[in-house]
Amino acid sequence: MKTNTKKLTLSAFFLALGLVLPMVTGQIPRIGNLLLPMHLPVFLCGLICGGPWGMAVGLVTPLLRSVMFGMPPLFPTAVSMSCELAVYGLVCGVIYARAPRRGTAAVYAALLPAMLAGRAVWGCVQAVLLGMSGSALTLQMFWASAFLNAIPGIVLQLVLIPAVMAALNRTGVVQYRQRA
């Protein structure tokens, strides 16, 4: 019971962080969009609370943010982001939980496949949603949106998330340990 309460509380914190962080970076829209601030709490939730919790936070955050603040636009952006972030949280959490040793290497081993899987899901969902509206998602648009425009955010994630996990380990909040 205590573990579930802790995970629920932490997940609520990460959800709140996912709602607020884009406001901090959103003061300069071009830079804010490049840093992908909503992604950070979802990855951290997956790593700290586990895949199912990360998936739930990833699924809800863009939709709730769209309804509450009007950004990102619900269709197609928030819907496709919701699927993308859900995959981030799930894949990252599941891979990290199965790592034989937890540490910075395990964080990277969980982040990289989660990033690729999430972006692939985002592209598929975008293609379907845009196809339903009479538009199309070309391969060039996919590569530009999912990877080229996202480079600053990807770099930020690859630097900040392992650093946060290492800091949480040093403070004893999250313990690196061998899998039981």
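## A buried glutamate and its surroundings

The side chain of Glu-84 makes a polar contact with the side chain of Tyr-88, at 2.6 Å. This comes from a predicted model. Glu-84 sits in helix H5, which covers residues 74-97. Glu-84 is buried, yet it has no salt bridge. The nearest side chain of opposite charge belongs to Arg-119, 4.6 Å away. A salt bridge needs the nitrogen and the carboxyl oxygen within 4 Å, so this pair does not count. Arg-119 still touches Glu-84, as do His-39, Gly-118, Val-121 and Trp-122; residues up to four places away in sequence are left out of this list.

**Aromatic rings**

Trp-122 also belongs to an aromatic cluster, together with Phe-142, Trp-143 and Phe-147. The structure holds six aromatic pairs. One of them joins Phe-142 and Phe-147. A pair of aromatic rings is described by the distance of the centres and the angle of the planes. Here the centres are 6.0 Å apart, and the planes meet at 85°, which makes the pair edge-to-face. Phe-142 is buried, at 14% relative accessibility. Phe-147 is partly exposed, with a relative accessible area of 21%.

**Cysteines without partners**

How many disulfides does a search of the whole structure find? It finds zero. Cys-92 is in no disulfide, and the nearest cysteine sulfur, that of Cys-45, lies 10.0 Å away. A disulfide is a covalent bond between the sulfur atoms of two cysteines. The sulfur of Cys-124 is 10 Å from the closest cysteine sulfur, in Cys-83, and that is too far for a bond. Is Cys-92 buried or exposed? Cys-92 is buried, with a relative accessible area of 0%. Cys-124 is exposed, with a relative accessible area of 51%.

**Backbone exceptions**

Most residues other than glycine have a negative phi, and most peptide bonds are trans. Two peptide bonds that are cis appear in this table.

| Cis peptide bond | Omega | Place of the proline |
|---|---|---|
| Met-71 to Pro-72 | near -5° | Pro-72: loop between helix H4 (51-69) and H5 |
| Phe-75 to Pro-76 | near -5° | Pro-76: helix H5 |

Helix H5 thus brings back a familiar name: Glu-84 lies in it, and so does Pro-76.

Which residue has a positive phi although it is not a glycine? Leu-36 does, with a phi of about 50°. Leu-36 is placed in the loop between helix H2 (29-35) and helix H3 (39-49). At 14% relative accessibility, Leu-36 counts as buried.

Conventions:
Residues are numbered from 1 along each chain as its sequence is written. This is a predicted model: local features need pLDDT of at least 70, side-chain atom pairs count only at pLDDT 80 or more; totals for chains, interfaces and linings use all residues. Side-chain values use heavy atoms; hydrogens and water are left out. A disulfide is a pair of cysteine sulfur atoms within 2.5 Å. Buried means under 20% relative accessible area, exposed over 50%, partly exposed in between (1.4 Å probe, protein chains only). Helices (H or I, at least four residues) and strands (E, at least two) are DSSP runs, numbered from the N terminus. Lys and Arg count as positive and Asp and Glu as negative; His and the chain ends are not counted. A polar contact is a pair of N or O atoms within 3.5 Å; within protein, one must be able to donate a hydrogen and the other to accept it, and residues adjacent in sequence count only if both atoms are side-chain atoms. Contact means heavy atoms within 4.5 Å. Rings of Phe, Tyr and Trp (its six-membered ring) pair if their centres lie within 6.5 Å; planes under 30 degrees apart count as stacked, over 60 as edge-to-face and the rest as tilted.
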